[in-house]
Amino acid sequence: MKKLGYVESTGNIFADLGVTNPEEARAKADLVHRIVDIIRARKLTQAQAGKLLGVDQPKVSALMRGRLTDFSIERLLRFLLLLGQDVHIAISARPPSSRKKPAFQVHADEWRSEAVVTARR
């Protein structure tokens with residue numbers, strides 16, 4: 001019987017799949033996840049959500065299906081603001097001795113409806 005090998009994840013599925021700009025792709029996915037959660041929690045139709053966000057229903061459909069190429073991080077942050085969320089951006093310096101790559105992460109506080117975006121450069 002042939003033994004199957006495995007590859008350990010980097011912690012970012014987009015990097016594991018070889019997506020260009022995996023940190024940006026993950027940040028967008030995390031932001032969209034929060035946006036979709038809010039739309040569903042409010043029981044908004046796609047047309048109602050579109051009106052609130054200033055886009056048409058097909059754009060909301062694309063967003064909810066994870067088709068994110070037409071959405072910049074800036075636009076997704078604006079959607080969160082339009083949905084009444086507070087957005088905090090924190091930038092911190094890495095120690096010069098750090099061997100880690102610069103990171104871009106999104107953290108959402110579900111119970112307080114607060115999104116926190118952390119960028120490290």
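**Exercise 1. Locate Asn21 in the chain and describe its backbone and exposure.**

Solution. Asn21 sits in the loop between H1 and H2; helices (H or I, at least four residues) and strands (E, at least two) are DSSP runs, numbered from the N terminus. The model is predicted: local features need pLDDT of at least 70, side-chain atom pairs count only at pLDDT 80 or more, and totals for chains, interfaces and linings use all residues. Residues are numbered from 1 along each chain as its sequence is written, and side-chain values use heavy atoms, with hydrogens and water left out.

Next, the backbone: the phi of Asn21 is positive, near 55°, in a residue other than glycine. Most residues other than glycine have a negative phi. Last, the exposure: Asn21 counts as partly exposed because its relative accessibility is 47%, where buried means under 20% relative accessible area, exposed over 50%, and partly exposed in between (1.4 Å probe, protein chains only).

**Exercise 2. State where Lys43 is found and whether it is buried or exposed.**

Solution. Lys43 is in the loop between H2 and H3. Its phi is positive, about 55°, although Lys43 is not a glycine. With a relative accessible area of 70%, Lys43 is exposed.

**Exercise 3. Place Asn12 and list its contacts beyond its sequence neighbours.**

Solution. Asn12 belongs to the segment before helix H1 (13-16). The relative accessible area of Asn12 is 10%, so Asn12 is buried. Apart from neighbours within four places in sequence, Asn12 is in contact (heavy atoms within 4.5 Å) with Pro22, Glu23 and Arg26.

**Exercise 4. Describe the overall order of helices and strands.**

Solution. The chain has five helices and three strands. Along the sequence they follow the pattern α-α-α-α-α-β-β-β. Of the 121 residues, 31% count as buried. Among contacts with a separation of 6 or more, 56% join residues 24 or more positions apart.

**Exercise 5. Sort the residues of helix H5 by side.**

Solution. Start with the buried residues of H5 (residues 73-82): Ile73, Leu76, Leu77, Phe79 and Leu80. They lie on the same side of H5 because they cover an arc of only 155° around the axis, the arc being that of the directions from the helix axis to the C-beta atoms. The face turned away from this buried side carries the exposed residues Glu74 and Leu81. After H5 comes Gly84, with a positive phi near 80°.

**Exercise 6. Identify the residues with the most contacts inside the largest nonpolar core.**

Solution. A nonpolar core is a set of buried Ala, Val, Leu, Ile, Met, Phe, Trp, Tyr and Cys residues joined through side-chain atoms within 4.5 Å. The largest has 22 residues, and those with the most contacts inside it are Leu31, Ile35, Leu63, Leu76 and Phe79. The elements giving two or more residues to this core are H2, helix H3 (46-53), helix H4 (57-64) and H5. H2 gives the most, with seven residues. Then take Phe79: not counting residues up to four places away in sequence, Phe79 touches Ile35, Leu53, Val55, Leu63 and Phe71.
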